[in-house]
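Visitor: I'm new here. Could you show me the structure and explain the words people use for it?

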Amino acid sequence: MTRPSLYEFAGGDDAFIALAAATHERCLADPELNHPFSHHVSPQHTEHLAAYWAEVLGGPPRYSGSLGGHSGMQSIHAGEGAPDDMGDRFEACFVQAMDDAALPEDPEFRAAMHAYMHWATREVNSYAPPGTIVSTDQPMPRWSWDGLQQT
């Protein structure tokens with residue numbers, strides 16, 4: 001029997017919309033994350049964030065199909081600068097938002113999601129220094145119960 005993807009186990013699109021909305025709300029409430037999450041954010045930020053996470057975690061390729069894939073996401077963040085603890089703060093908001101969004105409490109699922117976000121925040125922050133250029137052909141990462149999948 002094949003294990004469902006993290007996307008499927010979480011509950012699909014509705015779960016990821018709820019997770020993105022809850023994460024965004026937690027970031028707005030954070031004194032350090034409030035500024036980047038309240039300025040210059042697309043009105044579709046929650047939907048775009050949900051589509052990105054869904055695709056990385058085993059869902060449909062909507063982000064790649066219409067929003068530039070991984071390179072597009074990295075380009076949004078590249079060169080913006082980031083305090084040293086910004087990734088940790090975002091990761092904490094994401095982890096807490098899983099409860100807010102009523103995602104499954106399964107310990108293996110939560111560990112896989114937490115591990116993904118820990119990896120993802122470090123990768124995004126690696127593009128934060130001013131002047132960073134993102135190549136346009138980065139493959140979309142794929143994350144499973146076992147971590148980052150090599151493509």
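Guide: Let's go through some terms one by one.

Guide: This is a predicted model, where local features need pLDDT of at least 70, side-chain atom pairs count only at pLDDT 80 or more, and totals for chains, interfaces and linings use all residues. Residues are numbered from 1 along each chain as its sequence is written, and side-chain values use heavy atoms, with hydrogens and water left out.

Visitor: Why is H70 called buried?

Guide: H70 sits in helix α6, residues 69-77; a helix here is a DSSP run of H or I with at least four residues, numbered from the N terminus. Buried means under 20% relative accessible area, exposed means over 50%, and partly exposed lies in between, with a 1.4 Å probe and protein chains only. H70 has 3%, so H70 counts as buried.

Visitor: What makes H70 and Y52 a polar contact?

Guide: Their side chains are joined at 2.6 Å. The term asks for a pair of N or O atoms within 3.5 Å; within protein, one must be able to donate a hydrogen and the other to accept it, and residues adjacent in sequence count only if both atoms are side-chain atoms. At 2.6 Å, the H70 and Y52 pair is within 3.5 Å, so the name fits.

Visitor: Which residues does H70 touch, leaving out those up to four places away in sequence?

Guide: Y52, E123, Q138, P139, M140 and P141. Contact means heavy atoms within 4.5 Å.

Visitor: How do you know that R3 and E108 form a salt bridge?

Guide: A salt bridge needs a side-chain nitrogen of Lys or Arg within 4 Å of a carboxyl oxygen of Asp or Glu. The closest N and O atoms of R3 and E108 are 2.8 Å apart, so the pair qualifies. This pair links distant parts of the chain, with R3 in the segment before α1 (6-10) and E108 in helix α8 (residues 107-125), 105 residues apart. The structure holds eight salt bridges.

Visitor: Why is R3 called partly exposed?

Guide: R3 has 40% relative accessibility, which lies between 20% and 50%, so R3 is partly exposed. E108, at 49%, counts as partly exposed too.

Visitor: What makes R122 and E91 a salt bridge?

Guide: Their side chains meet at 3.0 Å, N to O, which is within 4 Å, so they pass. R122 is in helix α8 and E91 in helix α7 (residues 86-100), 31 residues apart. R122 is partly exposed at 35%, whereas E91 is buried at 8%. Salt bridges that share partners join D88, E91 and R122 into one network.

Visitor: Why is α7 called roughly antiparallel to α8?

Guide: The two helices pack at an angle of about 155 degrees, with their axes 9 Å apart. That is over 145, so α7 is roughly antiparallel to α8. The cut-offs are under 35 degrees for roughly parallel, over 145 for roughly antiparallel, 65 to 115 for roughly perpendicular, and oblique for the rest. Axes are lines fitted to C-alpha atoms, for helices over the stretch in contact, and angles run from 0 to 180 degrees between N-to-C directions. Among the residues making the contact are F90 and F94 of α7 and M113 and M117 of α8.

Visitor: What makes α2 oblique to α4?

Guide: Helices α2 and α4 (residues 45-56) pack at about 125 degrees, with their axes 8 Å apart. That angle falls in none of the named ranges, so α2 is oblique to α4. The residues that meet include F16 and L19 in α2, and L49 and W53 in α4.
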